[in-house]
4 protein chains.
Amino acid sequence: MTAVDDRPVLHTHTIRLSYADTDPAGILYYAAWFPKMEALQSEFLYLQGLRQDTLIERFGWWTVSRATQCDYLAAARLFDEVRIELRMGRIGTSSFRFVFRMVRIDDDVVVARAQNTVVTVSPDQASVPIPDDLHSHLLRWAGEE
Amino acid sequence: MTAVDDRPVLHTHTIRLSYADTDPAGILYYAAWFPKMEALQSEFLYLQGLRQDTLIERFGWWTVSRATQCDYLAAARLFDEVRIELRMGRIGTSSFRFVFRMVRIDDDVVVARAQNTVVTVSPDQASVPIPDDLHSHLLRWAGEE
Amino acid sequence: MTAVDDRPVLHTHTIRLSYADTDPAGILYYAAWFPKMEALQSEFLYLQGLRQDTLIERFGWWTVSRATQCDYLAAARLFDEVRIELRMGRIGTSSFRFVFRMVRIDDDVVVARAQNTVVTVSPDQASVPIPDDLHSHLLRWAGEE
Amino acid sequence: MTAVDDRPVLHTHTIRLSYADTDPAGILYYAAWFPKMEALQSEFLYLQGLRQDTLIERFGWWTVSRATQCDYLAAARLFDEVRIELRMGRIGTSSFRFVFRMVRIDDDVVVARAQNTVVTVSPDQASVPIPDDLHSHLLRWAGEE
C-alpha cells in the first residue's frame, strides 16, 4: 500500500482510547475503529460540501458502503492517543475506497489499517457509474489531477 | 444549577455529531452522550494522574458509577458541533458528582445537561467514605480550596 | 417504586453481557444499558403498531426523549445474563415515563433500574398534551383501564 | 464461499434492527454488525468453556483479532429482523476465521457477510501455531473430524 500511503492526508482526528474502546484485557475492542472511521469520513465530506444526506436531492445519486475491512497490526491500549488519517484509495468505475491509517502518537506505530469501499447508487439503490463531478473530486483528493 | 455552572470548567471535548450519534430523524440518538461523557471524565482523571484502573493498587480504593442522568434541552442534529464541558458537582461524604454541559458551538445553546454520580469503594466494592487525598482533589476541582 | 414494580411487564429482552458492554475491570460499562433500553422500548412500540418514525405523518405528533437516568445497584459482569423488563411509569399531562429493571438471571438480583421520560411534541418540536389515543394506550399499558 | 456455507451453524442470534443500528436514511449503519458479531462469537466460545479472558491462565495462550471485514449485500432497514449465523471459516497454522451470515428473517435474503480472522498468541502477544487442543475444537466446529 505504499502508493496509497504517499497520497495526501485528507483529514485527521486524534482521539484517546477510553473505556468504551477497550476490552477487559485493556486492549482495543476490535469494533471500536469503525464508528471513528465513519465520523472522520463523514466530517471530511461535510466540510467539502458533500453532506451525504443531501446528495440524492442535489445530484440524483448518493453513496452507500459496500464493504469495509480492518487489519489490526499492533496492540492499541487504554489511554493511547491515536491519529486516524483519511486518504483516497483505489478509484474504480462505480466504486472507490477511502483508506485509513491509525497511528499511535507516542511512538508513531501504525496500529491499524482499514478501508471502506463506497459505491454510487441511484435513489433506488441500483449501482451507477461514478458521476463526473464526484470523479473530479476523487482525482483531486488522490492528488492526481 | 447556577452554582455549579459558576464552577471552573475542568476539561472539554469538542465533537461533531455524526451518523452514529443521530437517529433516522437526524436528531441526536439519546444514548449518544454517555460514551462521550465517559471519555471526557476518564481523560480528565488520567491527565490528573488518577487512572481509574490503577487506583486499587495505588490507594486501596477505587470508584464506580452509582447513577447517571441526562436532560435533553434542545434538539441536537447531525453535523452540529458541540462542546462538552466537565465540572465538579455536589461533593458528599461517600459520593460525588461530575456534571456535564453540552453546548452547541454555532449558537451557544445548551442542548443537554448530565451528571454522573461516583462512589468510592473498597476492593470488594463496599462503599467507603471519600478518602482524604481524593477529597482534596475534589475541593480543588470545585474551586473551593 | 413498589407501585411501578407491580405494573405489568410490557416487553423483555434477555441478553448476555459481552466485551462491548464491560470495561477493563470486567464490570458493566456504565453507558451499556442505554442502547439496550432503546431497543426494548422501540421494539415494544413497533409491535404495538406505533413506529416512532411514522407518528407525525399518521397522527400529527411524535415523541422525543426529554430525560433519562439509570441507577447501578449491583455489579454486573462479563457474560452475566440479564433480563431487561419494560414497564409503564408515571403518566403526566404532556410527558410519561418508561421504566426499566435489569434482573440478573442467575440470582434474580436487580442490577440496575432506569427510566426514560418521553414528551409528546408537535412536528416543530413544541410540547403538546398527550393526545387522547396515546393516553388510552398508556393507561392500558399501566394496567389501569 | 459455498463450502463454508455448507458447514454447520455453530450459534445464532436473532435481533431486530433499532435506531442505534440505522442511520438517518433508515438504512443499516455500517458499523452496526461488528459488536453483534463479537457478542455472538464470544457467547459461542463461552458456552464451549473457552472464556477468552481465562485462556492465558488455563492454557498459556490466548487469541486476538488480526483482521475483520464485512460485505454489505442488501439494504437492511430499521426494524428488520435479522438472524446472525456463526460458522467456522478457513483454518490455517497460526490463524483461523469465524464467518458470519446476516439473514433477514422476512425474506431469507442474506443482507451481509463478514469474517473475523483470529490468531493465537503467547502471553506477550507473539504469534504461535494453533495449539493442538484448540485445533481439535476448530476441526470439530468445521464438521471435519
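Here are a few notes on this predicted model, covering the shared sheet, the helices on it and the way chains B and D meet.

1. Start with the sheet that runs through chains A and D. It is open, has 10 strands and pairs them in the antiparallel sense. Reading across, the order is β1(A)-β3(A)-β4(A)-β5(A)-β2(A)-β2(D)-β5(D)-β4(D)-β3(D)-β1(D), with β2(A) next to β2(D).

2. What stands at the edges? That would be β1 (11–16) of chain A and β1 (11–16) of chain D; each has a single partner strand, so one side of each has no neighbour in the sheet. From one strand to the next, the twist averages 20°.

3. For a close-up inside chain D, look at β2 (residues 62–72) and β5 (residues 110–121), an antiparallel pair with 10 bridges. A67(D) has T117(D) in β5(D) as its bridge partner.

4. Now the helices. In chain A, α2 (residues 33–47) packs on the sheet and touches β1, β2, β3, β4 and β5 of that chain, with its direction at about 145° to that of β1(A). In chain D, α2 (residues 33–47) likewise touches β1, β2, β3, β4 and β5 of its own chain, and makes about 145° with β1(D).

5. Over to chains B and D: nine residues of chain B contact nine of chain D. Chain B's side of that contact has six nonpolar, two polar and one charged residues. The copies meet through the same surface, because 100% of chain B's interface residues are also interface residues in chain D.

6. How does chain B lie on chain D? A turn of 180° with a shift of 0.0 Å along the axis does it, at an RMSD of 0.0 Å. The two copies are therefore related as by a two-fold rotation axis. In chain B, P24(B) has the C-alpha nearest that axis, 1.8 Å from it.

Methods: Residues numbered from 1 in each chain as written. Chains lettered and ligands numbered in written order. Predicted model: local features only at pLDDT ≥ 70, side-chain atom pairs only at ≥ 80, totals over all residues. Contact = placed C-beta atoms within 7 Å. Nonpolar A, V, L, I, M, F, W, Y, C, P; charged D, E, K, R; others polar. Pairing = 2+ DSSP bridges. Helix = DSSP H or I, 4+ residues; strand = E, 2+ residues; numbered from the N terminus. Axes fitted to C-alpha atoms, helices over the stretch in contact; angles between N-to-C directions. Least-squares fit on C-alpha atoms with pLDDT ≥ 70 in both.
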